[in-house]
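Ready for a few exercises with worked solutions? Have a look at the model first, then work through the tasks one by one.

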Amino acid sequence: MTQPVAQNSTIRNVLVAGILLMLAGDFLFALNDAMGKWLVASFSVGQVVLIRSIGAFFVLGPMIAHQGTAKLFRMERPELQVLRVVATTLDTALFYAAVVYLPLADVMSFYMAGPIYVAALSHLLLGEKVGWRRWVAILLGFCGVVIMLKPSTAAFSLSSGFALVGSFAFAFAIILSRRLRGTSDTNLVTWQTIGTLLVGAVLTIGAWRTPSALDFGAMLLLGIVSCGAHLMITRALKLAPASTLAPLHYTLLLWAVVFGLVFFGDVPSPRILIGSGIVVLAGLFIFHRQKVVDTTVPPENVPKGVN
C-alpha cells in the first residue's frame, strides 16, 4: 500500500520538475528572441548564429570537461542524433532569418503552432496518449495565439516560409529529444551547438561586419542565454511527456508582452490581452487533466548515469 503511494508521489514530483524546467527554459528563450531580433537588425544571421554558438561554450565548456570529451562520441542512436542536430540548426537559423524581415509577432504566430505538431507527433511516434479533452485545450490555446498575434499582410512571403519550416523543425527537435532521453544533456546541447556554429560560419562568408565590444558581448550573451534554455528544456523533456510540456511554450507569448512593454514600450492591445487569457485558461485545463489522468511516465524515465 505504502509503495504505490510513494511511487505516485515520485512520479508527480518528476512531472512537476519537468514543468518548472520547461517554464524557466521558455522564459530564457523569450529573452533570447528579443535579443536576437535586436541583433539581426544590424548583423547578418550567420554572424549572430556563429558568435552566439561560441558564447554557448562558456556554459558547455565546464560541462564537457566534467564528463570528459570521450563521452561526446558515445552516442545513443547516432542517426537520431544527426537528425536532431539538423532540426535544431534549422530551427535556430530559420527563426533568425524570418525575424530579419517579419515582425516578431508574425514569426511567433507560426512557431506557436509547434505544440500542435508535437501533440500529434508524440501520439504517432512516441505512443503517448493524448485524450480528446487535451486536444480541445491545445486547439483552443492555438486559437488564442491567432487572436493575440494576428499575422500581418506580410505573412504571405518567403520569410513566412522560413518561419513555417522552422516551426516544424522546432517540433521535430522536441520529439527527438524525447526519444533520446538516455543521452546526457551535455551531449545533446553540445552537438546541436556545433551544428549551428558550422552553419553560422558558412553563412558568415562574405557577410562579416566587425562588431563593437558591446555588440560582440551581446552576441556571446545570446549564446549563454540560449544554451541555458536548451539545457533546461532538454532536461524537462526527459522528465515529462512531450504532449504535456508542449502547451507550456505558449508562455513565450506572455513573456513577449512583458519584454515588449519593458524594452520597446509596446502596450498590449485588447486583442493581446484576450488571446493571452484564452492561452492561460487552456494551459490550466491541461494541467488539471494531467492530475486527473494517470500518467505513464515512470520515475525511471531518466536512466541512471544520465546527466
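Accessible areas here come from the Shrake-Rupley method with a 1.4 Å probe. Keep in mind throughout that this is a predicted model.

**Exercise 1. Describe the surface and the overall fold.**

Solution. Start with the outside: the protein exposes about 14300 Å², and carbon and sulfur atoms supply 72% of that area. Next, turn to the inside, where buried residues make up 51% of the 307 residues. Now go through the secondary structure: there are 12 helices and 0 strands. Finally, check the contacts between residues at least 6 apart in sequence; 92% of them join residues at least 24 apart.

**Exercise 2. Find which residues of the largest nonpolar core touch the most other members.**

Solution. This core has 53 residues, and the ones that touch the most other members are Tyr96, Val107, Tyr111, Met112 and Leu245. Apart from it lies another core, of 9 residues, with Leu60, Val85, Cys227 and Leu231 among them. Now take one residue of the 53-residue core, Leu245. Leaving out residues up to four places away in sequence, leucine 245 touches Gly18, Ile19 and Met22, and also Ala236, Leu237 and Ala240.

**Exercise 3. Decide whether isoleucine 175 is buried or exposed, and find how far its C-alpha atom is from that of valine 118.**

Solution. First locate the residue: isoleucine 175 sits in helix H7, which covers residues 158–179. Its relative accessibility is 1%, so isoleucine 175 counts as buried; the cut-off for buried is under 20%. Then compare positions: isoleucine 175 and valine 118 are 57 residues apart along the chain, and their C-alpha atoms are separated by 6.8 Å.

**Exercise 4. Count the salt bridges in the whole structure and look at the surroundings of aspartate 33.**

Solution. A search of the whole structure gives 1 salt bridge. Glutamate 79 forms a salt bridge with arginine 77, with the closest N and O atoms 2.7 Å apart, and the cut-off is within 4 Å. Glutamate 79 counts as partly exposed because its relative accessibility is 42%. Arginine 77, at 37%, therefore also counts as partly exposed.

Now move to aspartate 33 in helix H1, residues 2–39. Aspartate 33 is buried yet has no salt bridge. The nearest side chain of opposite charge belongs to arginine 52, 7.5 Å away. As a last step, list the contacts of aspartate 33, not counting residues up to four places away in sequence: Phe95, Leu104 and Met108.

Notes:
Residues numbered from 1 in each chain as written. Predicted model: local features only at pLDDT ≥ 70, side-chain atom pairs only at ≥ 80, totals over all residues. Heavy atoms only, no water. Helix = DSSP H or I, 4+ residues; strand = E, 2+ residues; numbered from the N terminus. Buried < 20%, exposed > 50% of the residue type's maximum accessible area, 1.4 Å probe, protein only. Lys, Arg positive; Asp, Glu negative; His and termini not counted. Contact = heavy atoms within 4.5 Å. Core = buried A, V, L, I, M, F, W, Y, C linked by side-chain atoms within 4.5 Å.
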